[in-house]
Amino acid sequence: MANIKCTRIRKSYGGHTVISDLNLDISDHEFVVFLGPSGCGKSTMLRMIAGLEEISDGTVSIGGRDVTHLPPGERGVAMVFQSYALYPHMSVYDNIAFGLRRQKVPAEEIRRRVDQVSNLLGLGQLLERKPKNLSGGQQQRVAMARAMIKTPKLFLFDEPLSNLDAKLREKLRTEIRRMHLELKTTTIFVTHDQLEAMTIADRIVLMRAGAIEQQGTPSEIFDRPATRFVADFIGSPAMNFRECSVHVEGDRAELVSGSIRLKVPAKDYRDLVSGARVEVGLRPSKMDIAAEGDVNIISGTVVLIENMGSEGQVIVDVDGREMSFVTKAFRTIEAGQRINFSIDPDNIHIFSRDDGRSLLHAAA
Amino acid sequence: MVSLIRRTVSRGFLALMILIALLPILWTILGSFKKLKDIVTPVPTLIFTPTLENFTTILQNPSIRDGLGNSVVIVGVSVLLGALFGIPAAYSLARHVERKKDDLQFFVLSLRFMPPVAIAIPFIIIYLDSGIYDTLAGLILVYLISTISTVIWLSVPAFERVPREIEEAAAMEGCSQAEIFIKFALPIAAPSLFGSLVFTFVLVWNELLLALTLAAENATLPVVAASITSLGKEVPWGVINASTVILVLPPLVFIGLLMGFINRMVATGRK
Ligand SMILES: Nc1ncnc2c1ncn2[C@@H]1O[C@H](COP(=O)(O)OP(=O)(O)OP(=O)(O)O)[C@@H](O)[C@H]1O
Ligand SMILES: [Mg+2]
């Protein structure tokens, strides 16, 4: 049992509050990702759970035990740092074994467990080396081995992959995910890379300026962003936003901006009244070249086509402002031509212009 | 071709510079093996029959021997105590002091601004009154001002360079503050701390003024070596050269020993 419960957490540095009144529940075995822009307080949250940062107000409990005032060593938590923080004056073996030696585990047992984790992580050949003689990826694995060997109740990762190149990141991301499926240890993983978060998380906790903006599974966050901020932050290429005016006719609402006219079912959204102005978000990946019979068609002039391999991002000038969509059929398109593309009504996101919240009933 | 010439020229230039820098020292070493008549020739001689006479004179001279012994004890103890108090103080400053840290560091440094003469005179009076004038303990006490402040001043940056995350990782494994200091901060900062100790050692080893004013019988080596200049009518250049060699030898040996120790510590790494 290692669920985590953060209640009314506040953190201030001097008079400057960086996290205020934050509540968070993480259930046993869950893989949670803290995601958010730089400086939003992800590391601070993680470090407070680890016990490395004092909590100004509120409580943290791990596995039902209040750990708010316990030192980091007594929380049953292991952490992998962004810089790996390997002990430079010790060999890889000693780095991994240090924690167990401290706990006076018998040498036989230590050897067995070090062998076990180092084989799991492919470190078998490197045990005698010093950290400085390892590549970044190898150092990262040693840091993971050092955290794993203590069989903690909770794993904490603070941007553990951000110092690696793209290919290695992808590989280790998968490894971490696989490891979690096997060990099932409750995990909190911090990143500011939304793709990393989407691929690795059971649940994403999206933070903004010291508060939770939205939390949910990756698809919930992607398909039903609760605010314009979330919609903008998640997804690549980034969402297109247009300010539109609303015209309601019976059970249909029309969103109008210049030549763009989008029809949506009015009952799905709150506060849609004629004359209101709203922010409309359209995901490039949810649009495609218009087919026969499509309703929500947008037309414009192609400005640029970006080849992304199996797909292409088409940037289109619509009424003097650029929008983009993604299509597999990008090779048939040329810059300068007129083009019609369309979006399904289910993938139209409407946000309030006042507070940026989604007007979709379910997402509120 | 051009690069070869350039390299040769730059190497030659470098060698010349090193030679110029080392020349006085080499000349002193050479002189310490010469008889007086080889030294006081109008044309400097490079070929001569070497003699150990100067060294025997020096080492048989009781005041030199005592001076050497006093220096080793006084400097050794004051550097040791300086390290014992200064290094933990520097660690605390580097890690746990946020407010007033700069002021504190500046205060420590300011102890070094004071001209020794300024403290020498009041110290003579205090020392005479308290009965520690001309004792080893008295000199050690006054040198501690130098050693502790220099060690602190030079060790704070050494500890600041130890990545904080390494100490945090150790804390996550349940290490106490003391354990973190001894098992992590100290060995990781060791190479830089070594530099600060050597610097401190050399500083007090060469100290002349306080030693001259606060001791008479129990003089240190620099005081004795300086006094040899006035030994007789005929300046004994060979002996002076030999005493200089003996004066610079201990710091070199000390550096060598410490260097070996540090290398071993960094190499084995365990514990
Ligand atoms: N020791 C400190 N003193 C004052 N402010 C701090 C301190 N540490 C962090 N902060 C502030 O707290 C806020 C949150 O910092 P934090 O490191 O948690 O951000 P983050 O989300 O991890 O960002 P990044 O993605 O860049 O790592 C920032 O605005 C930062 O300036
Ligand atoms: Mg961070």
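This report walks through a predicted model, from an annotated stretch of chain A to a surface patch on chain B and a set of salt bridges.

## An annotated stretch of chain A

Let's start with what the database record says. In an unreviewed entry, UniProt lists residues 4-234 of chain A as "domain: ABC transporter". In the model, this span is 36% helix and 26% strand. If you find its two end C-alpha atoms, you will see them 26 Å apart.

## A nonpolar patch on chain B

Now turn to chain B. Eight names are worth looking up here: B:Leu14, B:Ile18, B:Leu19, B:Leu22, B:Leu23, B:Ile25, B:Leu26 and B:Ile29. They form a nonpolar patch on the surface, and together they have about 710 Å² of accessible area.

B:Leu19 makes a good example from this group. You can find B:Leu19 in helix α1 of chain B, which covers residues 2-32. Its relative accessible area is 46%, and because values between 20% and 50% count as partly exposed, B:Leu19 is partly exposed.

## Salt bridges between strands

Over all chains, the structure holds 30 salt bridges. One of them joins the side chains of A:Asp57 and A:Arg10, with an N to O distance of 3.6 Å. This pair links distant parts of the chain: A:Asp57 sits in strand β4 (residues 57-62) of chain A and A:Arg10 in strand β1 (residues 4-13) of chain A, 47 residues apart. A:Asp57 is partly exposed at 41% relative accessible area, and A:Arg10 is partly exposed at 29%.

What about A:Arg277 and A:Glu243? Their side chains meet in a salt bridge of 2.6 Å, N to O. A:Arg277 belongs to strand β14 (residues 277-282) of chain A and A:Glu243 to strand β11 (residues 240-249) of chain A, so the pair ties together parts that are 34 residues apart in sequence. A:Arg277 is partly exposed, with 45% relative accessibility, and A:Glu243 is partly exposed too, with a relative accessible area of 29%.

## Sequence neighbours and a network

Is A:Asp271 buried or exposed? With a relative accessible area of 54%, A:Asp271 is exposed, because the exposed class begins over 50%. A:Arg270, at 25% relative accessibility, counts as partly exposed. The side chains of A:Arg270 and A:Asp271 meet in a salt bridge of 3.5 Å, N to O.

Salt bridges can also share partners, and here they join A:Arg47, A:Glu53 and B:Glu168 into one network. Try finding these residues, which come from chain A and chain B.

Definitions and conventions: Residues numbered from 1 in each chain as written. Chains lettered and ligands numbered in written order. Predicted model: local features only at pLDDT ≥ 70, side-chain atom pairs only at ≥ 80, totals over all residues. Heavy atoms only, no water. UniProt positions renumbered as here; feature names shortened; annotations may be inferred. Helix = DSSP H or I, 4+ residues; strand = E, 2+ residues; numbered from the N terminus. Patch = residues over 30% accessible without salt bridge, like charges linked within 9 Å, V, L, I, M, F, W, Y side chains within 5 Å. Areas by Shrake-Rupley, 256 points an atom, 1.4 Å probe, with all protein chains shown as cover. Salt bridge = Lys/Arg side-chain N within 4 Å of Asp/Glu carboxyl O. Buried < 20%, exposed > 50% of the residue type's maximum accessible area, 1.4 Å probe, protein only.
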